Amino acid sequence: MSDLRQIARANIKSIIDWFGCYDAVAETINARWGGGASKGTISKKVSGHLDWTIADLIALEDASGRYPVTRLLARRLENRADNAPDCLLIQTGLIARESGEAIAAILAAEQSSCAAENAQAIKEIDDATDALRSARAALERQK
């Protein structure tokens with residue numbers, strides 16, 4: 001099982017890297033919510049001494065136009081066992097989607113030296129594996 005918190009932090013770190021500096025990150029959050037962030041606060045959050053808030057996440061994802069943590073959190077609901085349909089046609093679609101996302105993430109990680117890309121690839125591989133397991137469970141229930 002992947003450490004969701006670590007993967008979320010890696011995804012946020014990739015957004016921080018996109019901004020280029022902690023001052024830009026702090027100003028982006030302050031512009032969205034009216035203050036409260038500083039270069040020092042951002043540094044503590046990046047190092048893990050403080051946690052990121054939902055407000056931080058919303059401001060940074062909206063400003064960057066990238067939503068890796070939101071997608072990560074949404075997948076928690078998609079992959080629940082009680083949401084796994086027994087329809088094998090639906091299962092094959094999920095397998096295809098998750099496998100495609102895994103392949104894209106692996107290729108991105110290969111071309112990058114960023115830990116966030118590696119963490120995202122690991123998460124996508126886990127999602128593809130979960131889709132395969134769900135299809136297997138559906139087949140076993142049909143026996």
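Start with the contacts across the whole chain: of those between residues at least 6 apart in sequence, 64% join residues at least 24 apart, where contact means heavy atoms within 4.5 Å. This is a predicted model, in which local features need pLDDT of at least 70 and side-chain atom pairs count only at pLDDT 80 or more, while totals for chains, interfaces and linings use all residues. Residues are numbered from 1 along each chain as its sequence is written, and side-chain values use heavy atoms, with hydrogens and water left out.

**The whole chain**

Colour by secondary structure and you should get 7 helices and 0 strands, in the order α-α-α-α-α-α-α. Helices (H or I, at least four residues) and strands (E, at least two) are DSSP runs, numbered from the N terminus. Zoom out: the C-alpha trace spans about 60 × 30 × 25 Å along its principal axes. Of the 143 residues, 32% count as buried; buried means under 20% relative accessible area, exposed over 50%, and partly exposed in between (1.4 Å probe, protein chains only).

**Select 4–19 and 115–141**

These are α1 and α7, packed at an angle of about 135 degrees with axes 8 Å apart. That makes α1 oblique to α7. Axes are lines fitted to C-alpha atoms, for helices over the stretch in contact, and angles run from 0 to 180 degrees between N-to-C directions. Under 35 degrees counts as roughly parallel, over 145 as roughly antiparallel, 65 to 115 as roughly perpendicular and the rest as oblique.

The crossing of α1 and α7 is left-handed, that is, the near helix is turned anticlockwise from the far one by less than a right angle (clockwise would be right-handed). Show sticks for I7, A10, N11 and S14 on α1, and for A116, A119, Q120 and K123 on α7, which make the contact. By class that is 4 nonpolar, 3 polar and 1 charged residues. Here Ala, Val, Leu, Ile, Met, Phe, Trp, Tyr, Cys and Pro count as nonpolar, Asp, Glu, Lys and Arg as charged, and the others, Gly among them, as polar.

**Add 88–110**

Residues 88–110 are helix α6. α6 and α7 pack at about 160 degrees, axes 8 Å apart, so α6 is roughly antiparallel to α7. Their crossing is left-handed, and the contact has 16 nonpolar, 5 polar and 5 charged residues.

Now click on two residues of α6. G100, in this helix, is partly exposed at 36% relative accessibility; its C-alpha is 13 Å from that of L132, 32 residues apart in sequence. I106 is partly exposed too, with a relative accessible area of 40%. Leaving aside neighbours within four places in sequence, I106 touches A121 and I125. Draw a C-alpha distance from I106 to R133, 27 residues apart along the chain, and you should read 20 Å.

**Last stop: 54–64**

This is helix α4, with D56, L57, A59, L60, E61 and S64 buried. Centre on S64: at 11% relative accessibility, S64 counts as buried. The side chain of S64 reaches the backbone oxygen of E61 at 3.3 Å. Not counting residues up to four places away in sequence, S64 touches I15, W18 and F19. Step one further and you land on G65, which follows α4 and has a positive phi, near 75 degrees.

Technical notes:
Polar contact = N/O pair within 3.5 Å; in protein donor to acceptor, adjacent residues only side chain to side chain.
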